[in-house]
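Colleague: Could you take one part of this model and walk me through it slowly? I'm new to this, so plain words please.

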Amino acid sequence: MEFFTTVKKRHSYRGGFQDVAVARWDLEKIVQAGLDAPSGKNAQTTQFVIVDDATLVWQIAQLHSTNKAVQQARVFIACILDKNPEAIYEGFAFQVEDCAAAVENMLLAITALGYASVWIDGWLRIEGRAQKIGQLLGLPDGKYIRVLLPIGMPAENYKQPAKKLFAQRVWFNRYGEK
Ligand SMILES: Cc1cc2nc3c(=O)[nH]c(=O)nc-3n(C[C@H](O)[C@H](O)[C@H](O)COP(=O)(O)O)c2cc1C
């Protein structure tokens with residue numbers, strides 16, 4: 001898929017998935033796109049667990065989401081960060097930004113390959129879900145799941161939200177100038 005078409009087509013998908021497997025070959029391509037993302041000082045801090053074991057996928061899906069994409073995911077990608085990130089430049093850590101860059105690259109790869117997903121973050125942070133999933137995936141102490149991507153072949157047309165107009169958010173040279 002052409003790059004700008006992929007960018008436009010990407011959207012958060014919270015609908016159901018077809019009963020179609022996601023090939024490991026495709027999963028490797030998707031996560032490679034995440035690995036290729038920029039990171040602060042090239043520290044490459046984000047780690048990933050690809051969950052395609054049917055029992056584990058089912059156990060994650062049981063954590064009471066109203067989101068059909070979580071309930072029916074064929075695969076999850078868990079993005080893992082350090083609980084106490086190391087400062088790598090002038091006292092700053094960039095793990096969250098590193099992770100976000102990797103997630104966006106993966107969402108674009110998912111879209112380009114015809115699959116769908118949604119960036120799950122807030123849902124993980126309540127009712128101890130990130131910890132519960134971390135236990136299922138054998139995360140060591142000191143690591144946590146920051147973002148979870150449910151993946152599958154979309155079964156519905158899920159509405160894509162409108163974005164604000166270019167002129168509402170962008171200016172050349174001086175903020176707010178007409
Ligand atoms: C940092 C971040 C956290 C998000 N967390 C969630 C989430 O927990 N659950 C969810 O359904 N969507 C989540 N989203 C997706 C946003 O709701 C979505 O990107 C936004 O509504 C715009 O829609 P679009 O992705 O279709 O353009 C998150 C997105 C970002 C960037």
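**A close look at helix 2**

Modeller: Sure, let's start with length. Helix 2 covers residues 24-35, and at 1.5 Å a residue its 12 residues should span 16 Å; the C-alpha atoms at its ends are 16 Å apart, so the two agree. Keep in mind that this is a predicted model.

Next, look at which side of the helix faces inward. Leu27, Ile30, Val31 and Gly34 are buried in helix 2. If you look down the axis, the buried residues fall within an arc of 90°, so they line one face of the helix. Turn to the face pointing away from that buried side and you'll find Trp25, Glu28 and Gln32, which are exposed.

So what sits on top of the buried face? The cover includes strand 1 (47-51), strand 2 (75-82) and helix 5. Helix 5 deserves a moment here. It runs over residues 95-112, and its 18 residues reach 26 Å from the first C-alpha to the last, close to the 26 Å expected at 1.5 Å a residue. Its buried residues include Cys99, Ala102, Val103, Met106 and Ile110. The covering works in the other direction too: helix 2 is among the elements that cover the buried residues of helix 5, along with helix 1 (3-9), strand 2 and strand 3.

Not every residue of helix 5 is hidden, though. Glu97 is partly exposed, because 15 other C-beta atoms lie within 10 Å, while a residue needs 20 or more to be called buried. Glu97 is also 52 residues from Thr45 in sequence, yet their C-alpha atoms are 9.9 Å apart in space. Just past the end, helix 5 is followed by Gly114, which has a positive phi near 90°.

Now zoom out to the core. In soluble globular proteins, nonpolar side chains tend to be buried together. Here the largest nonpolar core has 39 residues, and those with the most contacts inside it are Phe76, Ile77, Ala78, Cys79, Met106, Ile110 and Leu148. Helix 2 is one of the elements that give two or more residues to this core, and others include strand 1, strand 2, helix 5 and strand 3 (143-151). For a single example, pick Phe76: leaving out residues up to four places away in sequence, it touches Val51, Val57, Ile60, Leu148, Leu149 and Pro150.

To come back to where we began: helix 2 has a buried face, covered in part by helix 5, and it gives residues to the largest nonpolar core.

Definitions and conventions
Residues numbered from 1 in each chain as written. Predicted model: local features only at pLDDT ≥ 70, side-chain atom pairs only at ≥ 80, totals over all residues. Helix = DSSP H or I, 4+ residues; strand = E, 2+ residues; numbered from the N terminus. Buried ≥ 20, exposed ≤ 12 C-beta atoms within 10 Å, placed from the backbone. Expected span 1.5 Å × (residues − 1). Arc of directions from axis to C-beta. Contact = placed C-beta atoms within 7 Å. Core = buried A, V, L, I, M, F, W, Y, C linked by C-beta atoms within 7 Å.
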